[in-house]
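Please find below a colleague's note on the structure under review. The points are numbered so that each may be answered separately.

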Amino acid sequence: MRKTESNNHEDTLDADDLAAILRWSKDISSDINLSSALQRLTEIVTDTSGSLNTCVVIAREVGDYTVATSMTHPGSCKVHENPKSIRAINDPLQKAIIQHALNIKEAVHFEDASIDSRFSTEAGQTNLRSVFCVPMFSNRGQTFAAIFISSNRPFSSKTITKLTLLYQQASISISNALLFRSVQSGTKDNLKMIATQREALEAARKSREDALKATKTKSNFLASMSHELRTPFSSFYGLLDLLSGTELNPGQTEIGIARMHPNRTRLSTDFASLYSSNCEAVMRVAFEGRPLNVRNYSKLEASAVKLEPSGFLVEDILADCMELLLPMAAKKLDLSFNIEAEVPPWVYADYARIRQVLMNLIGNAVKFTAKGSVRVTCSVAGSHGTDEAVLRFDIQDSGIGLSAKDVDLLFVPFQQADNSSTRRFGGTGLGLSISRQLVKRMGGAIAVQSELNSGSTFWFTLPVKIYNTEETRKAIHEIEQTKLRLMTPSPPKILICSGSTATLTFLQTMLGGFQVERVSSAQEAKPKLESYRKFSISLDFFILDEQSEDNVKDLLHFIHTPESRGFHDTKVIHLYTPTTSGSGELIFGTSSIPGVVKMTKPPRTARILHTIAELKHLPNTMTTTSTLVAKSMDDVRAAQRTLFGNILIAEDNPIAQNLLIKQLERLNLRVTATGNGEEAIAEWQAHEPGYFSAALFDHRKQGYFAAEKTFTRSIVIGRYASMRRCRGDEAITTFGSYQQMRNRLTE
């Protein structure tokens, strides 16, 4: 590069020049605002040098420079707030010189740029060929700006020296202004981020309010829906309760299913109890304050449901589920269960919630399995000392199975793996979501292993406490004593025939200590029985789990043939599920074969052992109930005579009113019926104080609140209100069904 030569006299600056440079530097540094500082620098440089074209470029990012200010004689200085790239400069020589100075990081000065071959082309396009460009550096040596001036006359050496000193002084001020702008920009970004966060928080708050409003609306809807449905369900339940007290014939007692004939119009107790139990279960789910009712689903979503643990027999919770699902399953598949030997017989946990999870999972397995089997297994997955254990429940089916994509949708509320499943099988897709939340609430885990068209295995684990009380110890002791008596003088010889490996294993565990052999089908049973006959081996009991009438008749015929005299004392226990054939005929409904004891599934330990003991003519010593729930129900029935006198009721539904009258009259109570709360008030006031022992009315119907203020002795019971003194205080308690109302009245 060629630069102009100058003599020492021209380069020497006097005191006035130095004072001017200091004054200009102070003037530039007095404004921390970058745009103002650059504007002042541009104006000072232009006035001092006589430049006809001046500009300052600033680095925005590494390698990217933009024009910050520009000044063309005789115009004023322009501040470019919007970034203008140096590539957009119109003067080709100006653009080339600035880029060259930034690249070499040195000052560039030409008295006539056209004499340099590198810039001759660009210089030929402008008259301003005398140029001077100086980069500005930070204290770290980084280039952050450059100043360019040009003119049609050469700049003097003294002018170049003055400008060079000025640039050195101004670089500090410009650098500080750049830093201030960076801090200011960061502050703006932070303020913007804070504002965005505030908006997000406000949106979240509004969403929460909307969600609470939606939850309240949903709860109100469910409460209203449950109230409107409760009346017909209560009537249905009450009618079944009335029917359960009528006469029954032996066939209906054994089968537990009513078969109506022209001359047979009464229902069996077993039948009415079975359907009453189902109806009560539906009412608990839909209406009462139970863990899985529809009204409490929002509480379940919010993890606000309280656990209600109690002691119960593990066998009972599985057998209770089987008892409800077997009639539906028996027509198309084999439904069975097994409890492994190491499972503690009694545990302390939430019976109702565990039962509901099992009912959901087993019910789904039965629903989505067209043929084959559903196996339920309870095992121990771990233990925490001697007082706690982790139970694992596996529900394995041979049904339609699931793809990996379908599994992801299983536990989402109101979703099913395939929308066609809803059309084909029905259901809302809510059960698995509820099950998952319940299991999580109880401290367990739930998952599924499945393969499309190869069945599924749902499993869940739950931590439980081992229940050890005087009652449980007595129940276990009675079972053991019964088994000891049965093994005296020698253990009985028992052959078990079942197509279910789960049932075979469970029965073998149940009959531990006896001489037990097992076969998996009626076809295998014949050769085994033939070998017994051939070698004169006595057989005490033959437990036959078989749903085919033909197979049962064939085996019984084989046992009772004259050639099979060795089986003369063999007692046959036939396990079956009451159901109907395709023509509507009851399977095993009326058959009665000597030596055959029919027993409905599922098998229960106490019932099997008690039956075997009776067949061996041993006295029954098992006095404890199978579950604590049954015991509490007995206590309720024992207390049915604690309320007497006159009862006032207010019910506008004629069917429900008539049903309520019948139910209360069964308790030897005298009933006065009214149609609403106002009529009840009038009837109450028309009699002397103390005439009515209790008053019952629908607390959602018209006149309830007026009645609440009128009656001075009040307890609200069921969906009705029962008014009587409670330790001298006024109190209102609300329950959800006729069953609870009846139990409360008998306290």
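The points below treat the sheets, the helix packing and the nonpolar cores in turn.

1. Status of the model. The structure is a predicted model, and the remarks that follow should be read accordingly.

2. The antiparallel sheet. An open sheet is formed by 6 strands in the order 3-2-1-6-5-4, and their pairing is antiparallel. Strand 3 (78–79) and strand 4 (108–110) are the edge strands, each of which pairs on one side only. Within this sheet, 8 bridges connect strand 1 (residues 53–61) with strand 2 (residues 64–72), again in the antiparallel sense. One position in this pairing can be located precisely: C55 has S70, in strand 2, as its bridge partner.

3. The helix on the antiparallel sheet. Which strands does helix 3 touch? Helix 3 (residues 34–49) packs on the sheet through strand 1, strand 2, strand 3 and strand 6 (143–151). The direction of helix 3 makes about 50° with that of strand 2.

4. The parallel sheet. A further open sheet comprises 5 strands in the order 15-14-16-17-18, with parallel pairing. Its edges are strand 15 (515–519) and strand 18 (596–600), each pairing on one side only. From one strand to the next, the twist averages 20°. Strand 14 (residues 493–498) runs parallel to strand 15 and is joined to it by 5 bridges; here I494 stands opposite V516 of strand 15.

5. Helices across the parallel sheet. Helix 18 (residues 549–559) lies across strand 16 (541–545), strand 17 (571–576) and strand 18, and runs at about 165° to strand 16. Helix 19 (residues 605–615) lies across strand 14, strand 16, strand 17 and strand 18, and its angle to strand 18 is about 165°.

6. A helix pair. Packing of two helices is described by the angle between their axes and the distance between the axes. For helix 11 (residues 351–367) and helix 14 (residues 431–441), the axes come within 10 Å and cross at roughly 145°. The crossing of helix 11 and helix 14 is left-handed. Helix 11 contributes R353, V357, N360, L361 and N364 to the contact, while helix 14 contributes G431, L432, S435, L438 and V439. By character, the residues of this contact comprise 5 nonpolar, 4 polar and 1 charged.

7. The nonpolar cores. Where is the largest share of the largest nonpolar core drawn from? The core itself has 67 residues, and those with the most contacts inside it are L335, L358, I362, F460 and L511. Helix 10 (residues 314–329) supplies the largest share, namely 10 residues. Leaving aside residues up to four places away in sequence, I362 touches C321, M322, L325, L335, V376 and I395. A second core, separate from the former, has 30 residues, including I44, F132, F144 and L166.

8. The enclosed strand. Why is strand 19 (residues 646–650) described as largely enclosed by the rest of the structure? The description follows because 5 of the 5 residues of strand 19 are buried, the cut-off for buried being under 20% relative accessible area. N646, L648 and A650 point one way from strand 19, whereas I647 and I649 point the other way; all are buried. Strand 19 is joined by 5 bridges to strand 20 (residues 670–674), and the two run parallel. In this pairing, I647 stands opposite V671 of strand 20.

Note on methods:
Residues are numbered from 1 along each chain as its sequence is written. This is a predicted model: local features need pLDDT of at least 70, side-chain atom pairs count only at pLDDT 80 or more; totals for chains, interfaces and linings use all residues. Side-chain values use heavy atoms; hydrogens and water are left out. Two strands pair if DSSP finds at least two bridges between them. Helices (H or I, at least four residues) and strands (E, at least two) are DSSP runs, numbered from the N terminus. Contact means heavy atoms within 4.5 Å. Axes are lines fitted to C-alpha atoms, for helices over the stretch in contact, and angles run from 0 to 180 degrees between N-to-C directions. A crossing is left-handed if the near helix is turned anticlockwise from the far one by less than a right angle, and right-handed if clockwise. Ala, Val, Leu, Ile, Met, Phe, Trp, Tyr, Cys and Pro count as nonpolar, Asp, Glu, Lys and Arg as charged, and the others, Gly among them, as polar. A nonpolar core is a set of buried Ala, Val, Leu, Ile, Met, Phe, Trp, Tyr and Cys residues joined through side-chain atoms within 4.5 Å. Buried means under 20% relative accessible area, exposed over 50%, partly exposed in between (1.4 Å probe, protein chains only).
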